[in-house]
Amino acid sequence: MGTYQSNGDKILQAVITDEQLMKSYDYNPDDYSSLSDALDSDNVIIQAIARIISRNEQDATEKEIYNEVSNYLKSSI
């Protein structure tokens, strides 16, 4: 987990190091040291979390974030 580059990286780590989430979706949080790593992930859950954090940092509205993540999940699952 190393040095964080942004608040988004810190938030990402806080979320993806949750024991229940790791157990349920079988991933290693050490594989995602930054938000950009998570956005490039093949893991749908990791990428969805990263999209929420990223769009929030870009000051997107809740509706915009919901629509983007919902559409992403519908097309990926």
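**Exercise 1. List the residues of the largest nonpolar core and find which helices supply them.**

Step 1. Fix the criterion. A nonpolar core is a set of buried Ala, Val, Leu, Ile, Met, Phe, Trp, Tyr and Cys residues joined through side-chain atoms within 4.5 Å. Buried means under 20% relative accessible area, exposed over 50%, and partly exposed in between (1.4 Å probe, protein chains only).

Step 2. Note the source. The model is predicted: local features need pLDDT of at least 70, side-chain atom pairs count only at pLDDT 80 or more, and totals for chains, interfaces and linings use all residues. Residues are numbered from 1 along each chain as its sequence is written, and side-chain values use heavy atoms, leaving out hydrogens and water.

Step 3. Collect the members. The largest core holds 12 residues: Leu12, Ile16, Leu21, Met22, Tyr27, Tyr32, Leu35, Ala38, Ile46, Ile49, Ala50 and Ile53.

Step 4. Assign them to elements. Helices are DSSP runs (H or I, at least four residues), numbered from the N terminus. Two or more core residues come from each of α1 (7-16), α2 (19-25), α3 (35-39) and α4 (44-57). The largest share, four residues, belongs to α4.

Step 5. Check for another core. A second, separate one has six residues, including Val44, Ala48, Ala60 and Val69.

**Exercise 2. Find the buried face of α1 and what it packs against.**

Step 1. Pick out the buried residues of α1: Gly8, Asp9, Leu12, Gln13 and Ile16.

Step 2. Look down the axis. These residues fall within an arc of 135°, so they line one face of the helix. The arc is that of the directions from the helix axis to the C-beta atoms.

Step 3. Turn to the other side. Asn7 and Ala14 are exposed there.

Step 4. Find the partners. The buried residues of α1 pack against α2, α3 and α4. Contact means heavy atoms within 4.5 Å.

**Exercise 3. Identify the residues through which α1 meets α4.**

Step 1. Take the α1 side: Asn7, Gly8, Ile11, Leu12, Val15 and Ile16.

Step 2. Take the α4 side: Ile46, Ile49, Ile53 and Glu57.

**Exercise 4. Locate serine 34 and decide whether this residue is buried or exposed.**

Step 1. Serine 34 sits in the loop between α2 and α3.

Step 2. Its relative accessibility is 7%, so serine 34 counts as buried.

Step 3. Leaving out residues up to four places away in sequence, serine 34 touches Asp9 and Leu12.
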